[in-house]
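Good morning, everyone, and thank you for making the time. I would like to walk you through one structure today, slowly enough that you can find each part on the screen as I name it.

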Amino acid sequence: MSSDRLAELAAAGVAIWLDDLSRQRLSSGGLDKLRREQHVVGVTTNPTIFAKALSAAEDYAGQVKDLALRDAAVNEAMRTMMTYDVRWACDVMKPAADASKGVDGRVSIEVDPGLAADTARTVAEAKALWWLVDRDNLFIKIPATKEGLPAITATLAEGISVNVTLIFSLERYEAVMNAFFEGLEKAKENGHDLSKIGSVASFFVSRVDTEYDKRLDKIGTDEAKALKGKAAIANAKLAYKLYEQLFSSERWQSLANAGAQPQRPLWASTSTKNPEYRDVVYVEELVAPGTVNTMPEAVIHAFADHGEVRLDAITGGYDEAQQVMDRLAAVGIDYNDVVEVLEREGVEKFTVSGKEMIETVQKALDTAS
């Protein structure tokens, strides 16, 4: 019974991805079980997730000891352990990749968050990670900062599949899709098989509500309070509208004719931060064909238990979504300021997580040596 709702969600065109990875999840067979029983067809990870996995388990002890005996530098040790886990996860998800002809079954690994403002080093890091993991069903995560956009294009041009992360605004999302088109056009010029290059664009959801709700509470009027919990879904729906527009263009059609696969919208940050909101709201309200929803395991189980699939959840709500955004502007909230704050905070959080991960790895090496 528990899988039926998830099967229904998958049948509606939503790829269910797990937002978590650890050595314990791999060695116990837990990830494979989610793939077989809960329709999970992809995995995303990040420095925060890896640092938590490393500090909470003994599974890394043997590898840490070997790295310490070799006097491995902390960055080398970190990459070695992360790529080991991601390569293993790619192998676990290979049946999903094979079944979808490479569209799903993807596992994402993030470039060093500290490189978010450095285009050239981001591309170099992406190429190194792609080579180290050495699996066709890998995604390299690159943030959608202004400096990240040319890195996205350059990485795709090398034939490397990309998960674009940290997208909050409609304007930046449009720029991401154009960077994707340009990357594929260059990849084609470089002689790469476009059908082998995958991409998703990770549009963040719950953090938008967190920031808007904080500002609505500060305004404090009844009109403002009535808009709480509405911004994130409205923003995401308008993003999907934009996706439909750009992927029905002649520019995209020429790439599709050359074998290219669309860059799918991926709904990220889909666990509710406000306990007053329904725990699966960012899944239920964002059902549409050709999308990915990456969820913590708790959200996957919650949806399996009581989630509802409404087939027109996004495409039937464009006018209403625009009205919500207009009303938010009318009460005095500046959309551009909100998304700028979210992007800045997002990059800062990832940078802090990256530093914490290095500290966690260094501590593990020091303890083992």
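I will begin with the strands, then turn to the helices beside them, and finish with some charged side chains.

Please keep in mind throughout that what you see is a predicted model. The feature to look for is a closed barrel of eight strands, which runs in the order S1-S2-S3-S4-S5-S6-S7-S8 with parallel pairing. From one strand to the next, the twist averages 25 degrees.

As background for those of you who are new to this, strands of a sheet pair through backbone hydrogen bonds, and the pairing is either parallel or antiparallel. Let us follow the pairing through part of the barrel, starting at strand S5, residues 162-167, which pairs in the parallel sense with strand S6, residues 199-204, over four bridges. Within that stretch, valine 164 stands opposite alanine 201 of S6. Going on from there, S6 and S7 pair in the parallel sense over five bridges, and here serine 202 has leucine 266 in S7 as its bridge partner. S7 in turn pairs with S8, again in the parallel sense, over two bridges, and on this side leucine 266 stands opposite valine 292 in S8.

Now stay with S7 for a moment: is this strand enclosed or open? Five of its five residues are buried, so S7 is largely enclosed by the rest of the structure. It helps to remember that in a regular strand the side chains alternate between the two faces of the sheet. In S7 both faces are covered, with Arg264, Leu266 and Ala268 buried on one side, and Pro265 and Trp267 buried on the other.

Next, the helices that lie against these strands. Helix H10, residues 170-189, lies across S5, S6 and strand S7, which spans 264-268, and the helix runs at about 175 degrees to S6. One residue worth finding in helix H10 is tyrosine 173, which counts as buried because its relative accessibility is 1%, and the cut-off for that word is under 20%. Which residues does tyrosine 173 contact, once its neighbours within four places in sequence are left aside? They are Ile167, Ala201, Phe203, Ala239, Leu242, Tyr243 and Pro265. You may recognise Ala201 as the residue opposite valine 164, and Pro265 as one of the buried residues of S7. The C-alpha atoms of tyrosine 173 and valine 200 are separated by 11 Å, although the two residues are 27 residues apart along the chain.

A second helix to look at is H9, residues 148-157, which packs with helix H8, residues 119-133. Two packed helices are described by the angle between their axes and the distance between the axes. For H8 and H9 the angle is about 35 degrees and the axes are 9 Å apart, and H8 passes H9 in a right-handed crossing. On the H8 side the residues that meet the other helix are Thr119, Thr122, Val123 and Ala126, and on the H9 side they are Pro150, Ala151, Ala154 and Thr155. Sorted by class, this contact has five nonpolar, three polar and no charged residues.

That brings me to charged side chains, and to the question of how many salt bridges the structure holds. The count is 25, and I will show you three of them. In one, aspartate 193 and lysine 196 meet with an N to O distance of 3.7 Å; aspartate 193 is partly exposed at 39% relative accessibility, while lysine 196 is exposed at 57%. In another, arginine 278 meets glutamate 284 at 2.8 Å, N to O, and here arginine 278 is partly exposed, with a relative accessible area of 37%, whereas glutamate 284 is buried at 3%.

The last of the three joins arginine 310 and glutamate 285, at 2.6 Å, N to O. Arginine 310 lies in the loop between helix H16 and helix H17, and glutamate 285 in the loop between helix H15 and strand S8, so the pair ties together parts that are 25 residues apart in sequence. At 30% relative accessibility, arginine 310 counts as partly exposed. Elsewhere, salt bridges that share partners join Asp32, Arg35, Arg36 and Glu37 into one network.

Thank you for listening, and please ask to see any of these places again.

How values were computed: Residues are numbered from 1 along each chain as its sequence is written. This is a predicted model: local features need pLDDT of at least 70, side-chain atom pairs count only at pLDDT 80 or more; totals for chains, interfaces and linings use all residues. Side-chain values use heavy atoms; hydrogens and water are left out. Axes are lines fitted to C-alpha atoms, for helices over the stretch in contact, and angles run from 0 to 180 degrees between N-to-C directions. A crossing is left-handed if the near helix is turned anticlockwise from the far one by less than a right angle, and right-handed if clockwise. Contact means heavy atoms within 4.5 Å. Ala, Val, Leu, Ile, Met, Phe, Trp, Tyr, Cys and Pro count as nonpolar, Asp, Glu, Lys and Arg as charged, and the others, Gly among them, as polar. A salt bridge is a side-chain nitrogen of Lys or Arg within 4 Å of a carboxyl oxygen of Asp or Glu. Buried means under 20% relative accessible area, exposed over 50%, partly exposed in between (1.4 Å probe, protein chains only). Two strands pair if DSSP finds at least two bridges between them.
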